[in-house]
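Student: I've got a protein model open and I'd like to go through the labels people put on it. Can you take me through what each one rests on?

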Amino acid sequence: STSTSTSTIIPSLDNKSNEPLNKENQIKITSEEKNLIDLKQFETISSLEELGLGVLKEQLIKRGMLCGGTLNQRAQRLFAVRNLDQIPNKLKAKKLTSGCIFNKLS
């Protein structure tokens with residue numbers, strides 16, 4: 001099936017100067033609804049690391065993936081799925097049932 005996704009470009013979060021944005025410091029967003037970054041535009045793990053811990057965690061969560069770990073671990077996970085249509089089970093976050101979140105010991 002053919003998917004029709006719109007793409008927009010947002011400024012990179014690390015552009016602290018008042019200089020006009022150019023193609024090098026813009027991030028392509030693939031889905032308006034989920035605000036997913038198009039991972040195919042990143043050619044290295046270190047280029048993903050430049051987004052920062054918070055952005056990587058957000059992108060992992062939005063994809064239903066494990067979101068903890070170091071900056072490098074988060075970037076590696078996203079880089080590993082950048083050309084995949086489906087997330088491998090080993091990278092998916094575990095689903096918690098409502099009764100398992102807060103178990104009191106009394």
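Tutor: Sure, let's begin in the middle. The largest nonpolar core has 15 residues, and those with the most contacts inside it are I37, L48, L51, L56, M65, L78 and V81. The elements giving two or more residues to this core are α2 and α3, and α2 gives the most, with 3 residues.

Student: What makes a set of residues a nonpolar core?

Tutor: The set has to consist of buried Ala, Val, Leu, Ile, Met, Phe, Trp, Tyr and Cys residues joined through side-chain atoms within 4.5 Å. Buried means under 20% relative accessible area, exposed means over 50%, and partly exposed is in between, using a 1.4 Å probe and protein chains only.

Student: And how far should I trust the coordinates?

Tutor: This is a predicted model, so local features need pLDDT of at least 70 and side-chain atom pairs count only at pLDDT 80 or more, while totals for chains, interfaces and linings use all residues. Residues are numbered from 1 along each chain as its sequence is written, and side-chain values use heavy atoms, with hydrogens and water left out. The protein averages a pLDDT of 75 (the predictor's confidence in each residue, from 0 to 100), and 60% of the residues score at least 70. Over residues 1–24 the pLDDT is below 50, though beyond near neighbours in sequence this stretch has 28 contacts (heavy atoms within 4.5 Å) in the model. Residues 98–106 also have a pLDDT below 50, with 1 contact beyond near neighbours in sequence. Where pLDDT is low, the predicted coordinates should not be read in detail.

Student: How do you know what counts as a helix or a strand here?

Tutor: Both are DSSP runs numbered from the N terminus: helices are H or I, at least four residues, and strands are E, at least two. By that rule there are 3 helices and 3 strands, in the pattern β-β-β-α-α-α along the sequence.

Student: What puts the buried residues of α2 on the same side?

Tutor: In α2, V55, L56, Q59 and L60 are buried. They cover an arc of only 135 degrees around the axis, so they sit on the same side of α2; the arc is that of the directions from the helix axis to the C-beta atoms. Their cover includes β3, α1 and α3. Leaving aside neighbours within four places in sequence, L56 is in contact with residues including L48, L51, R74 and L78.

Student: Which residues of α3 are buried, and what do they pack against?

Tutor: R74, A75, R77 and L78 are the buried ones in α3 (residues 71–80). Their arc is only 160 degrees, which puts them on the same side of α3. The buried residues of α3 pack against α1 (45–49) and α2 (53–62).

Student: Why is D38 called buried?

Tutor: D38 has 18% relative accessibility, and the limit is under 20%, so D38 counts as buried. D38 lies in the loop between β3 and α1, and its side chain reaches the backbone nitrogen of K40 at 3.2 Å.

Student: And why is K34 called partly exposed?

Tutor: K34 comes out at 43%, which falls between the two limits, so K34 counts as partly exposed. K34 lies in the loop between β2 (26–31) and β3 (36–37).

Methods: Polar contact = N/O pair within 3.5 Å; in protein donor to acceptor, adjacent residues only side chain to side chain.
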